[in-house]
Amino acid sequence: MEFTHFDGQGNAWMVDVGEKADTRREAVARGSIFMSPECFEKVQQGAMKKGDVLAVARVAGIMGAKKTWELIPLCHVLNLTKLSVDFEMDEKRHGITAVCTARTTGKTGVEMEALTGAATALLTIYDMCKAVDKTMEIGEIRLERKSGGKSGEFRNPLYREMKEAAKN
């Protein structure tokens, strides 16, 4: 296996994408936060003292995705054409899933932006809710799917399995 972020001497470097063709690229990432029933109910009802948790987390996720190149070493600055963060409420598990979609037309993919957006949204939920529940758990952060570029389409097979398990 060849590592693209290291030169022949093992030094880190940013991959040169200058010769690659611009293609439409999209990535969707998701992750979840689990909390106490009391905390979940307060978020759902908009009763958290700090305000509308999901509205703030949505904006934070978008902002985080836009700053991916500043947070993750060797990521390229991208001209993002779409960023969205949506939430799925899981009443059975007292969980909230953040789903971040990132899109661009360019020379490199947006997987890291989608992952960063989902993670930032979840961290914001934790921050806004920690006064009610310090035992919250963030996890299940993963790339769900991506399209575009040389490697083309990818759909995470684990996502389908986890979705089916959650139904049962």
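I took buried to mean under 20% relative accessible area. By that cut-off Glu144, at 11% relative accessibility, counts as buried. The model I am reading is a predicted one.

**Entry: sheet**

I looked up the strand order before anything else. The sheet is open, has five strands and pairs them antiparallel in the order 2-3-1-4-5. Strand 2 and strand 5 (154–155) are the edge strands, each with pairing on one side only. I then checked how strand 5 is held to the sheet: two bridges join it to strand 4 (residues 137–147), and the two strands run antiparallel. I noted one residue pair here, with Arg155 in strand 5 as the bridge partner of Arg145.

**Entry: helices on the sheet**

Helix 2 packs on the sheet and touches strand 2 and strand 3. I recorded its direction as making about 145 degrees with that of strand 2. Helix 4 lies across strand 1, strand 2, strand 3 and strand 4. Its angle to strand 1 is about 25 degrees.

**Entry: nonpolar core**

Which residues of the largest nonpolar core touch the most other members? I found Met35, Val43, Phe87, Ile96, Ile125 and Cys129, out of 31 residues in that core. Next I listed the elements giving two or more residues to this core: strand 1 (23–34), helix 1 (37–45), helix 2 (53–66), strand 2 (80–90), strand 3 (95–106) and helix 4 (111–129). Helix 4 supplies the largest share, eight residues.

I took Phe87 for a closer look. With its neighbours within four places in sequence left aside, Phe87 is in contact with Leu54, Ala57 and Arg58, with Ile96, Thr97 and Ala98, and with Ala121 and Ile125. Of these partners, I had already written down Ile96 and Ile125 among the core residues that touch the most other members.

**Entry: salt bridges**

I searched the whole structure and have eight salt bridges on the list. I followed up three of them.

Glu26 and Arg103 form a salt bridge, with the closest N and O atoms 2.6 Å apart. Glu26 is in strand 1 and Arg103 in strand 3, so this pair ties together parts 77 residues apart in sequence. Is Glu26 buried or exposed? Its relative accessible area is 10%, so I entered Glu26 as buried.

Glu26 also forms a salt bridge with Arg145, where the closest N and O atoms are 3.0 Å apart. This pair links distant parts of the chain, Glu26 in strand 1 and Arg145 in strand 4, 119 residues apart. Arg145 has a relative accessible area of 25%, so I entered it as partly exposed. I grouped Glu26, Arg103 and Arg145, which are linked in a network of salt bridges.

Glu144 and Arg30 meet through their side chains in a salt bridge, 2.6 Å from N to O. Glu144 lies in strand 4 and Arg30 in strand 1, and this pair also links distant parts of the chain, 114 residues apart. Arg30 has 5% relative accessibility, so it counts as buried, and Glu144 counts as buried at 11%.

**Entry: Ser147**

I ended with Ser147, which is found in strand 4. Ser147 is buried, with a relative accessible area of 18%. What is Ser147 in contact with, leaving aside its neighbours within four places in sequence? I found Arg24, Arg25 and Glu26, and also Gly152 and Glu153. Glu26 is thus on this contact list as well as in the salt-bridge network with Arg103 and Arg145.

Definitions and conventions: Residues numbered from 1 in each chain as written. Predicted model: local features only at pLDDT ≥ 70, side-chain atom pairs only at ≥ 80, totals over all residues. Heavy atoms only, no water. Core = buried A, V, L, I, M, F, W, Y, C linked by side-chain atoms within 4.5 Å. Buried < 20%, exposed > 50% of the residue type's maximum accessible area, 1.4 Å probe, protein only. Helix = DSSP H or I, 4+ residues; strand = E, 2+ residues; numbered from the N terminus. Contact = heavy atoms within 4.5 Å. Pairing = 2+ DSSP bridges. Axes fitted to C-alpha atoms, helices over the stretch in contact; angles between N-to-C directions. Salt bridge = Lys/Arg side-chain N within 4 Å of Asp/Glu carboxyl O.
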